Amino acid sequence: MSSVKKSIRLDPKMPCPYDAGSNRGFVTVFTDPTGQLEAGLWESTPDKRSVHYTEAEFCQILEGEVRLTDETGHCETYRAGDSFVIEPGFKGTWETVKKVRKFWVIFEPKK
């Protein structure tokens with residue numbers, strides 16, 4: 001007998017609602033009872049913004065291209081098919097080079 005109570009299929013084509021005036025949209029498909037772990041789908045048109053992560057985030061790029069540059073200038077580029085983790089404490093820029101869709105899982109411990 002399986003101990004899995006429920007599974008959630010993540011459809012890479014599911015819609016990501018955009019807020020009015022925003023170039024980004026997302027849908028959260030799972031939040032654990034503690035509120036520390038979430039998962040979903042995120043989409044953005046090209047832009048560049050400063051980021052400061054307090055959470056850990058696993059990303060799987062489904063389409064498009066992003067570039068992460070840390071405070072020291074070290075740069076990594078990720079494209080469709082790539083997966084990576086952003087550690088808590090990361091500071092730098094997130095640049096969406098080509099329209100991107102990603103699956104994400106975020107863990108943020110309670111403070």
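Ser44 counts as buried, because its relative accessibility comes out at 0%, and buried means under 20%. The model is a predicted one, and Ser44 makes a handy way into it. This residue sits in strand 2, which covers residues 37-44. Leaving out residues up to four places away in sequence, Ser44 touches Tyr18, Asn23, Arg24, Thr96, Lys99 and Val100. One of these partners, Arg24, is 20 residues from Ser44 in sequence, yet the two C-alpha atoms are 4.3 Å apart in space.

Arg24 turns up again in the lining of the largest pocket. That pocket has a volume of about 240 Å³. Alongside Arg24, the lining is made up of Trp42, Arg49, Val51, His52, Tyr53, Glu55, Glu57, Trp94, Lys102, Trp104 and Ile106. Two elements give two or more residues to this lining, namely strand 3 (47-52) and strand 7 (91-107). Strand 7 gives the most, with four residues. Sorted by class, the lining holds six nonpolar residues, five charged ones and one polar one.

Glu57 is one of the charged residues to look at here, and it belongs to strand 4. Is Glu57 buried or exposed? Its relative accessibility is 4%, so Glu57 counts as buried. Its side chain has polar company: there is a polar contact with the side chain of Lys102 at 2.7 Å, and another with the side chain of Tyr53 at 2.9 Å. Both of these partners are also on the list of residues lining the largest pocket. Setting aside neighbours within four places in sequence, Glu57 is in contact with Phe84, Val85, Ile86, Lys102, Trp104, Val105 and Ile106.

Further along strand 4 comes Glu65. At 8% relative accessibility, Glu65 falls under the 20% cut-off and therefore counts as buried. Which side chain does the side chain of Glu65 meet in a polar contact? The partner is Arg79, at 3.4 Å. Arg79 also shows up in the wider contact list of Glu65, which, without residues up to four places away in sequence, runs to Thr77, Tyr78, Arg79, Glu95, Thr96, Val97, Lys98, Lys99 and Val100.

Lys98, one of those contacts, has its place in strand 7. Seen from its own side, and again without residues up to four places away in sequence, Lys98 touches Pro46, Gly64 and Glu65. Ala39 is another story: Lys98 and Ala39 are 59 residues apart along the chain, and their C-alpha atoms are separated by 22 Å.

Next come the nonpolar residues. In soluble globular proteins, nonpolar side chains tend to be buried together. In this model, the largest nonpolar core has 15 residues, and those with the most contacts inside it are Val66, Leu68, Phe84, Ile86 and Trp94. Strand 4 (56-70), strand 6 (83-86) and strand 7 each supply at least two residues of this core. There is also a second, separate core of five residues, with Met14, Cys16, Val27 and Leu41 among them.

Some names link these parts of the model. Trp94 appears in the largest core and also lines the largest pocket. Phe84 and Ile86, both in that core, are in contact with Glu57. Strand 7, for its part, supplies residues to the core as well as to the pocket lining.

Conventions: Residues numbered from 1 in each chain as written. Predicted model: local features only at pLDDT ≥ 70, side-chain atom pairs only at ≥ 80, totals over all residues. Heavy atoms only, no water. 1 Å grid on protein atoms, 1.4 Å probe; cavity = no way out; pocket = protein on both sides within 12 Å on 5 of 7 lines; lining within 4 Å. Points joined across faces, edges and corners; volume = space filled by probe spheres on them. Nonpolar A, V, L, I, M, F, W, Y, C, P; charged D, E, K, R; others polar. Core = buried A, V, L, I, M, F, W, Y, C linked by side-chain atoms within 4.5 Å. Buried < 20%, exposed > 50% of the residue type's maximum accessible area, 1.4 Å probe, protein only. Polar contact = N/O pair within 3.5 Å; in protein donor to acceptor, adjacent residues only side chain to side chain. Contact = heavy atoms within 4.5 Å.
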